[in-house]
Amino acid sequence: MEKVILTKKENAVMQILWENDKPMSAHDIVEASEGELNIHTVQQVLRKMLNAGHIEMSGVGQTLKSLTRLYMPVLSQAEYYCGHLSDKTLEKITVEYINSIDNLEEALAFCKAIEEKKKKLNHEA
């Protein structure tokens with residue numbers, strides 16, 4: 001997994017996109033930032049992250065009286081943070097997470113993901 005480094009402003013925009021889990025315009029992101037980001041900064045950051053492939057344009061919306069692009073993250077929050085952790089730390093976090101599971105449905109979903117990964121690895125071998 002390639003390690004992605006985001007600037008402070010890029011991280012702020014990505015946090016908003018990750019938390020809202022819906023297509024957002026630059027104007028939506030500025031509003032969600034509660035005064036931390038201005039429209040010019042957001043537009044510049046969106047262009048840079050679009051070119052880097054961290055986000056994608058997911059459609060067109062309307063803000064006030066004008067049409068605007070809507071953006072969604074391509075880079076997931078989990079992928080971003082996992083890229084900053086060592087394999088050993090990820091293993092420890094995974095084991096800790098497994099130990100914290102307290103319902104059967106969640107445990108079965110985890111088992112299903114492991115089985116799918118095992119099949120994929122066996123197929124590649």
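**Exercise 1. Decide whether D21 is buried or exposed in this predicted model, and describe its backbone.**

Step 1. The relative accessible area of D21 is 62%. Exposed means over 50%, so D21 is exposed.

Step 2. Place the residue in the chain. D21 lies in the loop that links α1 (8-20) and α2 (26-32).

Step 3. Look at the backbone. Phi of D21 is positive, about 50 degrees, although D21 is not a glycine.

**Exercise 2. Determine where E34 lies, and what its phi and accessibility are.**

Step 1. E34 belongs to the loop between α2 and α3 (39-52).

Step 2. Its phi is positive, near 55 degrees, and E34 is a residue other than glycine.

Step 3. The relative accessibility of E34 is 73%. With the cut-off for exposed at over 50%, E34 counts as exposed.

**Exercise 3. Classify S25 by its accessibility and list what it touches.**

Step 1. S25 sits in the loop between α1 and α2. D21 is found in the loop between these two helices as well.

Step 2. S25 has a relative accessible area of 0%. Buried means under 20%, so S25 is buried.

Step 3. Find the contacts. Not counting residues up to four places away in sequence, S25 touches T63, T68, R69 and L70.

Step 4. Assign the partners to elements. Strand β1 covers residues 55-63 and strand β2 covers residues 66-73. T63 therefore belongs to β1, and T68, R69 and L70 belong to β2.

**Exercise 4. Describe how β1 and β2 are joined.**

Step 1. The two strands run antiparallel, and eight bridges join them.

Step 2. Take one pair as an example: I55 stands opposite P73 in β2.

Step 3. Go to the turn. The hairpin has two residues between the strands, and L64 takes a positive phi near 55 degrees there.

Step 4. Recall a general point about side chains. In a regular strand they alternate between the two faces of the sheet.

**Exercise 5. Find which residues K3 meets outside its own stretch of sequence.**

Step 1. K3 is in the segment before α1. Its relative accessible area is 49%, which makes K3 partly exposed.

Step 2. Leaving aside neighbours within four places in sequence, K3 is in contact with G83 and H84.

Step 3. Check the backbone distance for one of these partners. The C-alpha atoms of K3 and H84 are separated by 6.3 Å, while the two residues are 81 residues apart along the chain.

**Exercise 6. Work out the order of the elements and the overall form of the chain.**

Step 1. The protein chain has six helices and two strands. Read from the N terminus, the order is α-α-α-β-β-α-α-α.

Step 2. The radius of gyration is 18 Å, well over the 14 Å that the globule rule gives for 125 residues, so the chain is more spread out than a compact globule.

Step 3. Along the principal axes, the C-alpha trace spans about 50 × 30 × 30 Å.

Step 4. Of the 125 residues, 26% count as buried.

Step 5. Consider the contacts with a separation of 6 or more. Residues 24 or more positions apart account for 48% of them.

**Exercise 7. Summarise the surface and the charges of the chain.**

Step 1. About 9300 Å² of the protein chain is exposed, and carbon and sulfur atoms supply 52% of this area.

Step 2. There are 15 positive and 19 negative side chains. The centres of the two sets lie 6 Å apart.

Conventions:
Residues numbered from 1 in each chain as written. Predicted model: local features only at pLDDT ≥ 70, side-chain atom pairs only at ≥ 80, totals over all residues. Heavy atoms only, no water. Helix = DSSP H or I, 4+ residues; strand = E, 2+ residues; numbered from the N terminus. Rg over C-alpha atoms; globule rule 2.2 N^0.38 Å. Buried < 20%, exposed > 50% of the residue type's maximum accessible area, 1.4 Å probe, protein only. Contact = heavy atoms within 4.5 Å. Areas by Shrake-Rupley, 256 points an atom, 1.4 Å probe, with all protein chains shown as cover. Lys, Arg positive; Asp, Glu negative; His and termini not counted. Charge placed at Lys NZ, Arg CZ, Asp CG, Glu CD. Pairing = 2+ DSSP bridges.
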